[in-house]
Amino acid sequence: MIYHRKKIDSFVGLFDNYSVVVLHGENYNLLLKDSKKISNEIAGSTAENEMRIKKYFNQEIKSRKDEIVSCLKTKSFFSGRQIIMLNDLSEKDHNIISSIDAEWQSHDALTIVTMTKLSQNSELSKLLTSSTRIALVNYTKKKIDREFLKNNLDKEGINLDGEEVLETLIDFANFTPEDILQNEFEKLKLFKLYDDKPLSLKDFVNIASVDYETEELNLAVALAERNIVELQKNLSAFFLQGKNPISILQFLTAYFYKLSLIKIYGPNSFEVRREYPFLINSDLAKAKNYLKRWSIEQLNQVTSSLTTLDLKLRKYPSLFQRSILTQYLYKMLEV
């Protein structure tokens with residue numbers, strides 16, 4: 001059975017008699033959010049605390065197939081339905097859905113699957129179309145382009161200060177989950193409620209939630225540029241502010257992992273867009289430029305070194321962390 005998410009007002013009673021519910025769409029965060037809603041409806045809001053939810057993720061699903069199927073019959077100390085969540089299932093591992101449906105009986109655990117990729121004419125698509133016990137929920141992605149944004153901004157009387165602002169808005173919209181994007185749009189409307197001045201790039205950057213500070217990005221950029229002077233200057237600024245070296249390191253790790261994804265999949269790919277940090281406009285342009293200086297092997301080496309450093313920092317008191325962080329980052333300039 002196929003459902004279209006935009007036509008579903010409520011999940012109440014909708015999936016009570018299904019063995020598997022597959023949520024398919026590119027907005028991974030929205031899929032997870034709806035997985036939680038369906039779980040609450042089927043098993044109740046206390047299911048997680050009562051350990052009636054089993055969660056498995058992309059890489060482990062295939063190797064733990066037998067365990068997952070056996071969970072269908074597992075009973076809890078607490079009353080209520082059980083839930084199995086298969087997050088980010090790869091289409092090539094779709095046989096597990098058939099196996100679950102073949103074993104499933106009424107009142108067994110409901111399996112909720114999230115998928116970001118599904119081929120139109122694949123065996124799995126045919127199964128989802130024909131089955132009466134497996135539901136497919138399709139999430140139609142809104143086409144966010146220049147015309148879409150301009151029309152929505154015009155309706156609210158928001159003018160833009162040049163093409164660069166519009167291009168930045170498009171970049172931001174392309175990597176931002178729909179629910180968050182709606183919140184950001186509401187913030188823009190409030191910001192310009194009694195202001196007829198065009199929205200500038202500075203205005204937008206100050207309003208938008210990109211979830212990191214400029215100083216953190218500057219440090220990552222200095223490392224990516226192999227600029228020892230800027231690296232030292234930004235580290236000193238962080239230490240003066242009393243920032244935790246481990247939190248600094250976590251952003252650096254995320255940034256270089258992001259560079260690796262851009263190198264492998266391209267800057268506009270789904271794999272890149274869904275990963276923190278969200279780079280827009282000139283920040284994304286810089287990141288693409290750095291990839292001319294870094295091979296995928298070098299990026300992997302730096303990411304691995306940052307992970308090792310993170311583990312090492314946690315073994316030492318804060319008194320030694322600054323020195324260890326500085327020494328390691330200097331070594332990474334030579335990778």
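**Exercise 1. Find where Asp-34 sits, and decide whether it is buried or exposed.**

Start with the position: Asp-34 belongs to helix H1, which covers residues 28-43. Keep in mind that this is a predicted model.

Next, look at accessibility. The relative accessibility of Asp-34 is 1%, and buried means under 20%. Asp-34 therefore counts as buried.

Now turn to its surroundings. Setting aside neighbours within four places in sequence, Asp-34 is in contact with Arg-5, Phe-11, Leu-23 and Tyr-139. With one of these, Arg-5, there is also a polar contact, side chain to side chain, at 2.6 Å.

**Exercise 2. Work out which strands pair with S6, and why S6 is described as largely enclosed.**

Begin with strand S1, residues 2-4: S1 and S6 run parallel and are joined by three bridges. Here you can spot His-4 opposite Asn-138 of S6.

Go on to strand S2, residues 20-24. S2 also pairs with S6 in the parallel sense, over five bridges. In this pairing, Val-21 stands opposite Ala-135 of S6.

Finally, consider burial. Strand S6 spans residues 134-138, and four of its five residues are buried, so S6 is largely enclosed by the rest of the structure.

**Exercise 3. Describe how helices H11 and H16 pack against each other.**

A good way in is this: two packed helices are described by the angle between their axes and the distance between the axes.

For helix H11 (residues 228-241) and helix H16 (residues 318-332), the axes come within 11 Å and cross at roughly 165°. Angles over 145 degrees count as roughly antiparallel, so H11 and H16 are roughly antiparallel to each other. Their crossing is right-handed.

Then see which residues meet. H11 contributes Ile-228, Leu-231, Gln-232, Leu-235 and Phe-239, while H16 contributes Arg-322, Leu-325, Thr-326, Leu-329 and Tyr-330.

**Exercise 4. Now do the same for helices H12 and H15.**

Helix H12 holds residues 245-265 and helix H15 holds residues 296-313. Their axes come within 9 Å, with a crossing angle of roughly 160°. H12 and H15 are therefore roughly antiparallel to each other. The crossing of H12 and H15 is left-handed.

To see the contact itself, look on the H12 side for residues including Leu-249, Phe-256, Tyr-257 and Lys-263. On the H15 side, the residues making the contact include Leu-299, Asn-300, Leu-306 and Asp-310.

Conventions:
Residues numbered from 1 in each chain as written. Predicted model: local features only at pLDDT ≥ 70, side-chain atom pairs only at ≥ 80, totals over all residues. Heavy atoms only, no water. Buried < 20%, exposed > 50% of the residue type's maximum accessible area, 1.4 Å probe, protein only. Helix = DSSP H or I, 4+ residues; strand = E, 2+ residues; numbered from the N terminus. Pairing = 2+ DSSP bridges. Polar contact = N/O pair within 3.5 Å; in protein donor to acceptor, adjacent residues only side chain to side chain. Contact = heavy atoms within 4.5 Å. Axes fitted to C-alpha atoms, helices over the stretch in contact; angles between N-to-C directions. Parallel < 35°, antiparallel > 145°, perpendicular 65-115°, else oblique. Left-handed = near helix turned anticlockwise from the far one by under 90°.
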